[in-house]
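Colleague: Please take me slowly through one part of this model, residue by residue where you can, and then follow the side-chain contacts outward from there. I would like each term explained with its cut-offs as you go.

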Amino acid sequence: MALTIIDACVNCWACEPLCPQQAIHAAKPHFYIEPTQCSECVGDFADPQCASICPVEGAIVDAAGVPLNPPGSLTGITPERMTALQLKRHAPTPLHVIE
Amino acid sequence: MTITVLNQGGKTALTGCAASSCGSSADALAQLPEALRAKINNHPCFSEDAHHHYARMHVAVAPACNIQCHYCNRKYDCSNESRPGVVSEVLTPDQAVKKTLAVAAAIPQMTVLGIAGPGDPLANPARTFATFRQLTAKAPDIKLCVSTNGLALPEVIDELCQHNIEHVTITINCVDPDIGAQIYPWIFWNHRRIKGRKAAEILIAQQQKGLELLVARGILVKVNSVLIPGINDEHLKEVSRIVKAKGAFLHNVMPLISEPEHGTFYGLTGQRGPTSAELQTLQDACAGDMRMMRHCRQCRADAVGMLGEDRGQEFTLDKIEQLDVDYAAAMVQRAQVHAAIEAKRAAPAPITPTAPLVTLNPQFRTSRPVLMAVASGGGGLVNQHFGEANEFLIYEASNRGVRLVGARTAGRYCHGPAQCDDSSAQRFAKILRVLAGCEVVLCAKIGYEPWQQLEAAGIIPNSEHALESIETAVAAVYQELSASGRFSVDSVATQRRSA
Ligand code: SF4
Ligand code: SF4
């Protein structure tokens, strides 16, 4: 029973001080949860603390590999809209000058 | 989606909250209570005069954050007090203390140490307070300040007040949870993630409570707001009224900087930043009785030095690790330097920068106000080469006098022969955007090519006042050009017309 940080992690440090088991380490290339130490916060908090503050969707996953913060859950931008926005970003955009 | 050119123009970090009165910083300070004035007097970020003499630094000891703002993507420093798109090296408290002492010994003018990120200092209480605790003990001659989103402020206020803290900056973008919900998607509160309107409600309540508690304890509070067109622009007037009524001594409005490549929510969804004109209008609208911070640059979280120059490269970790600072000795030398600065500041100024020009030259009463950009490396002088200027100080000259209205960041025009190639045209285009609305550029020196390009763009380059005081130079140029009829009321700025 342990959560895992995967490469979507941006190394923001937010999770590290919150872990009741001191299971999180500032490792390279990204933060790391020591699986033998992680209790998924059971007995300490109602929600896993790392996943409750992590700002990046998909960075923390459970034992089955399912993200605790799935796409769209934090930004409010659904995966479909995100793809559309990113496509638009890379398409040539008309320049328009305001006075 | 349409990307506006001015979206990029939002890079000009022009900030500040000014008053309707056209006075110097000395006038502005004169309106404040004595105790406040003493606190601000030596602070380079608050006093226009002090920033010519004193320096500040930031250390990046606080990486974590407890809220999400739509203008942040966590890969870069918090834009609350830093330049967006910049990443600071995170230091441990011990490293930060060592760096601070090393800088304070090397730059005796350094009087203020701030913690402003890269996350929220109060969301990292252990790291932030370990740094403050050591500095309060080891370097009592350094003032401490902190910037926060306010969420954790009421809970840590007792601990905060034990240190040598004089200033706290709270970023308050709204006082209405419905607006807040469009700026903050979630907060981390009491061990849970809370989203939407409820999250904004808690954050706003904590910010206001924190502001009240700080004012009650006599700590200076500055409020920063990020101007987000279409979301909180009109609302910021209300924010300004409320925070000032509660005792914030300064309300500083900063532009949203939203570049698609920063990958923020606003960047992705095409939320634009304000134009220089929109920003200035709002700053004027929410002006109080004082005008300060017009000279503010959004510094990076690990900035070192006088405002506008970053000497961070001289104090990297590997360099300071090797230093052995004798701070007791440094403190004696610092006290001498500060006394000399104060003696100099107390001496009567050779010129009165705000003396109304109209009394000198009644015939220019018909001249309109004009913006001039000045390349200055500090010291209140026109002393920088145009090609070297990273930023321009923007002055307004009118027949009422000369006043500083802001600072705009450009990025160097010339990076030396290696880079002076095809992209120089692009770089110049960027400089022109930064200079939007300015009719004159004053600098110590300028090359033939940029001179011609400026003239072609309708801007008058002037390098005849090298090493003169900025106010005197601006006044002289204004009078000279007014006499030639260039600024007569019915002449419109060529640059504005062609923009
Ligand atoms: S789930 Fe809880 S115990 Fe496990 S790493 Fe996250 S914070 Fe630590
Ligand atoms: S909070 Fe998320 S993004 Fe930040 S360090 Fe932890 S896992 Fe990485």
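Modeller: I would start at the turn between strand 7 and strand 8 of chain B, a hairpin with two residues between its strands, where Asn190(B) adopts a positive phi near 50°. This is a predicted model, in which local features need pLDDT of at least 70 and side-chain atom pairs count only at pLDDT 80 or more, while totals for chains, interfaces and linings use all residues. Residues are numbered from 1 along each chain as its sequence is written, chains are lettered from A and ligands numbered from 1 in the order in which they are written, and side-chain values use heavy atoms, with hydrogens and water left out.

Strands here are DSSP runs of E with at least two residues, numbered from the N terminus, and two of them pair if DSSP finds at least two bridges between them. Strand 7 of chain B (residues 186–189) runs antiparallel to strand 8 of chain B (residues 192–195), and four bridges join the two. Within that pairing, Trp186(B) has Lys195(B) in strand 8 as its bridge partner. Strand 7 also pairs with strand 3 of chain B (residues 67–68), again in the antiparallel sense and over two bridges, and here Trp186(B) is the bridge partner of Gln68(B).

As for the side chains of strand 7, Trp186(B) and Phe188(B) point one way, Ile187(B) and Trp189(B) point the other way, and all of these are buried, a word that stands for under 20% relative accessible area, computed with a 1.4 Å probe on protein chains only.

Trp186(B) has a further contact, since Arg193(B) lies over its face at 4.4 Å from the ring centre; a charge sits over a ring if NZ of Lys or CZ of Arg is within 6 Å of the ring centre and within 35 degrees of the ring normal. Another contact of this kind links the two chains, with the charged end of Arg127(B) over the ring of Trp13(A), 4.9 Å from its centre.

Trp13(A) in turn leads to ligand 2, for it is one of the residues around that ligand, which also include Ile5(A), Phe31(A) and Pro55(A) as well as Cys9(A), Cys12(A), Cys15(A) and Cys54(A), a residue being near if one of its heavy atoms lies within 4 Å. By class, that shell has 10 nonpolar residues, one polar and no charged, where Ala, Val, Leu, Ile, Met, Phe, Trp, Tyr, Cys and Pro count as nonpolar, Asp, Glu, Lys and Arg as charged, and the others, Gly among them, as polar.

Notes:
Buried means under 20% relative accessible area, exposed over 50%, partly exposed in between (1.4 Å probe, protein chains only).
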